[in-house]
Amino acid sequence: MNKEYSFDNTKLDNLDKSKLIYIVYSKWNSLLVNEMVDESKSTLDQHGFSNINLLQVPGAWEIPFGCLKAIEQGAQGIITFGVVIKGETPHFEIISNTASKAIMDLSLQKNIPLVNGIIATNTHEQAKKRASKKELNKGKEITQSLIEIIDLKF
């Protein structure tokens with residue numbers, strides 16, 4: 001079953017698709033993360049975005065620092081991807097909560113759209129379901145979120 005994110009296509013024609021988009025992603029759990037990154041790139045391409053840079057960092061903990069570096073390089077929107085799976089200790093909660101908060105803080109402090117694609121799950125199977133383009137397809141969903149807010153105007 002593929003649940004689709006309700007994506008608003010009505011404003012796509014007016015978007016500045018030349019904006020510099022960074023995808024900052026984790027090397028940890030790379031098979032799952034790479035599937036989301038590939039789907040993100042495909043979604044951006046499908047909607048006419050071509051100015052895309054990739055920045056790989058060691059793990060989810062390092063994603064916020066990668067985002068900061070992307071901002072310093074002129075990023076106008078950032079998509080993040082990581083997978084954190086629960087182990088025997090609460091380490092996964094510390095990593096996912098702290099990285100997520102840092103991503104939100106950067107977005108607000110730097111006034112730039114950052115979307116959080118760090119998946120935190122209890123099992124590998126849950127992570128696989130969320131990363132797969134044949135299942136919940138978080139790569140596409142998170143990317144669509146960035147596309148919708150990148151030119152948010154009031």
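Helices H1 and H5 pack against each other at an angle of about 45 degrees, and their axes are 7 Å apart. That angle makes H1 oblique to H5. The crossing of H1 past H5 is right-handed. Keep in mind while you look around that this is a predicted model.

Which residues meet where these two helices pack? On the H1 side they are Met 36, Glu 39, Ser 40, Thr 43 and Leu 44. On the H5 side they are Lys 138, Gly 139, Lys 140, Thr 143, Gln 144 and Ile 147.

Ser 40 is a handy place to zoom in. This residue sits in helix H1, and is it buried or exposed? Ser 40 is buried, because its relative accessible area is 0%, and the cut-off for buried is under 20%. Leaving aside residues up to four places away in sequence, Ser 40 touches Ile 23, Ile 79, Phe 81, Gly 139 and Thr 143. Gly 139 and Thr 143 are also on the H5 side of the helix pair, while Ile 23, Ile 79 and Phe 81 turn up again in the next part of the picture.

That next part is the nonpolar interior. The largest nonpolar core has 21 residues, and the ones with the most contacts inside it are Ile 21, Ile 23, Leu 44, Ile 79 and Phe 81. Several elements chip in: strand E1 (21-26), H1, strand E3 (77-85), helix H4 (124-131) and helix H5 (138-149) each supply at least two residues. H1 gives the most to this core, with five residues. There is also a second, separate core of 20 residues, and among its members are Val 57, Ile 71, Phe 92 and Ile 118. As a general rule, nonpolar side chains in soluble globular proteins tend to be buried together.

Now for the charged side chains. Side chains of opposite charge can pair when their charged atoms come close. How many salt bridges does a search of the whole structure find? The search finds four, and three of these pairs, each within one helix, are laid out here.

| Salt bridge | N to O distance | Where the pair lies |
|---|---|---|
| Asp 38 and Lys 41 | 3.9 Å | helix H1 (residues 30-46), three residues apart |
| Lys 69 and Glu 72 | 2.9 Å | helix H2 (residues 63-72), three residues apart |
| Asp 105 and Lys 101 | 2.9 Å | helix H3 (residues 91-110), four residues apart |

For Asp 38 and Lys 41, the spacing is about one turn of the helix. The description "about one turn" also fits Lys 69 and Glu 72, and it fits Asp 105 and Lys 101.

How open are these side chains? In H1, Asp 38 is partly exposed at 47% relative accessibility, and Lys 41 is partly exposed at 33%. Lys 69 is partly exposed too, at 34%. Over in H3, Asp 105 has a relative accessible area of 26% and counts as partly exposed. Lys 101 comes in at 51%, so it counts as exposed, the cut-off being over 50%.

One last stop is His 124, which lies in helix H4. At 44% relative accessibility, His 124 is partly exposed. Leaving out residues up to four places away in sequence, His 124 touches Leu 32 and Ile 85. The C-alpha atoms of His 124 and Asn 29 are separated by 9.6 Å, with the two residues 95 apart along the chain.

Technical notes
Residues are numbered from 1 along each chain as its sequence is written. This is a predicted model: local features need pLDDT of at least 70, side-chain atom pairs count only at pLDDT 80 or more; totals for chains, interfaces and linings use all residues. Side-chain values use heavy atoms; hydrogens and water are left out. A salt bridge is a side-chain nitrogen of Lys or Arg within 4 Å of a carboxyl oxygen of Asp or Glu. Buried means under 20% relative accessible area, exposed over 50%, partly exposed in between (1.4 Å probe, protein chains only). Contact means heavy atoms within 4.5 Å. A nonpolar core is a set of buried Ala, Val, Leu, Ile, Met, Phe, Trp, Tyr and Cys residues joined through side-chain atoms within 4.5 Å. Axes are lines fitted to C-alpha atoms, for helices over the stretch in contact, and angles run from 0 to 180 degrees between N-to-C directions. Angles under 35 degrees count as roughly parallel, over 145 as roughly antiparallel, 65 to 115 as roughly perpendicular and the rest as oblique. A crossing is left-handed if the near helix is turned anticlockwise from the far one by less than a right angle, and right-handed if clockwise.
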